[in-house]
Amino acid sequence: MKEHQYKLKTGISRTPEFAKKKLASFAVNPGIKCGHDCWYCSTGATMRMHPAFKACGENPFAFGYSILDPDTPERVARDAVRIKERGLVQLCTTVDAWAPESQKYGLGRRCLEAILSQPGWRVRILTKNAAVVDDFDLLEKYRDRILLGLSVTAPPDKDEIINILEPHASSIQERMLSLVEAAARGLRTYAMFCPLLPGIADAPEQIDQLIKFAVDCKVEEIFVEPINSRGPGLKHCQHALELWGYEKEAQAIERIRSRVGWSDYVRKLTANVQSSIKEYSDIGKLRFLLYPSRLTPEDLKEIRKNDRGVIWLGKN
């Protein structure tokens, strides 16, 4: 894993898109690309024009490298004082502050300390790395101002497949155990099941398992999102699964590379998630994040008939 350093300009920035998602009004990111190297990552598609890629001589859609700024906490501390209209900050939105390269510089903890040193700020942590448990002492100190989520993308029996698609993240079991420990310590938690991939984590019994886990962890909210079809992520996932001999799962990914296939997958996923949450939790906690632009008119109409918990995103 190559590690690039690139000087960023912002510390705490406004994030209108994540405000629409009801995640946060502000964002902190300690870099441009994290080293978890998830095959489906959409950062390359959304950030491809950022000058950091050219400066580092890297293809935004390639793998095997990270781009971070170790000085991010200093800029965050500056902005935490400077910005007067304060609110909820997501750490992070595009990269992971507890990814392996960020751990070397303690970026997650240092950014947390910088934000919370000033009154009025609250933080939503999102990570795929169980290393966040090393900072639970800090979370306990500010327990009323922090929401913790570890992205869980499949039930634990799919760990082997997820290790292929998220090669440098913590295992699913490690992430789940971290959230269990957080709940046991009385920390505020939320669930992030994103993305739930077809053939891997979208069957009703798999969704039930995840929702019941969320309930056990006393989560305040349950976020769910289908796989983002933007960019080459689906193709990467399909090829990785084929390489490791998971033909059935690769075929499920291939089917949703078409608009009709993706739309059908999203319609079924929406219904299955709603059904499970009604059975085991509270539909008021559901935040199903959905960009409808690739839905077929028929599936869009079907979802709109019952869109409890759906957060409609995009320009329209």
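## Exercises on a pocket and on salt bridges

The lining of the second largest pocket comprises six nonpolar, eight polar and three charged residues, where nonpolar covers Ala, Val, Leu, Ile, Met, Phe, Trp, Tyr, Cys and Pro, charged covers Asp, Glu, Lys and Arg, and polar covers the others, Gly among them. The model is predicted, so that local features need pLDDT of at least 70 and side-chain atom pairs count only at pLDDT 80 or more, while totals for chains, interfaces and linings use all residues. Residues are numbered from 1 along each chain as its sequence is written, and side-chain values use heavy atoms, with hydrogens and water left out.

**Exercise 1.** Describe the space in the second largest pocket and the residues around it.

*Solution.* Begin with the volume: about 310 Å³ of space lies in this pocket, a pocket being an open set of 1 Å grid points where a 1.4 Å probe fits, with protein on both sides within 12 Å along at least five of seven lines. Next take the lining, which consists of 17 residues, those closest to the pocket centre being L8, T10, I32, M47 and H50; a lining residue has an atom within 4 Å of a point. Finally, assign elements: β3 (26-28) and β4 (31-33) are those that give two or more residues to the lining, strands being DSSP runs of E with at least two residues and helices runs of H or I with at least four.

**Exercise 2.** Locate the partners of the salt bridge between R14 and E85, and classify their exposure.

*Solution.* The model holds 23 salt bridges, each a side-chain nitrogen of Lys or Arg within 4 Å of a carboxyl oxygen of Asp or Glu. In this one, the side chains of R14 and E85 meet at 3.4 Å, N to O. R14 sits in strand β2 (residues 13-14) and E85 in the loop between α4 (72-82) and β6 (88-91), so the pair, 71 residues apart, links distant parts of the chain. R14 counts as partly exposed because its relative accessibility is 49%, a value between the limits of under 20% for buried and over 50% for exposed (1.4 Å probe, protein chains only). E85 is exposed because its relative accessible area is 57%.

**Exercise 3.** Are R124 and E221, which form a salt bridge, buried or exposed?

*Solution.* The closest N and O atoms of R124 and E221 are 3.0 Å apart. R124 belongs to strand β7 (residues 122-127), whereas E221 lies in the loop between α10 (204-216) and β10 (222-224), 97 residues away. Both R124 and E221 are buried.

Definitions and conventions. Points joined across faces, edges and corners; volume = space filled by probe spheres on them.
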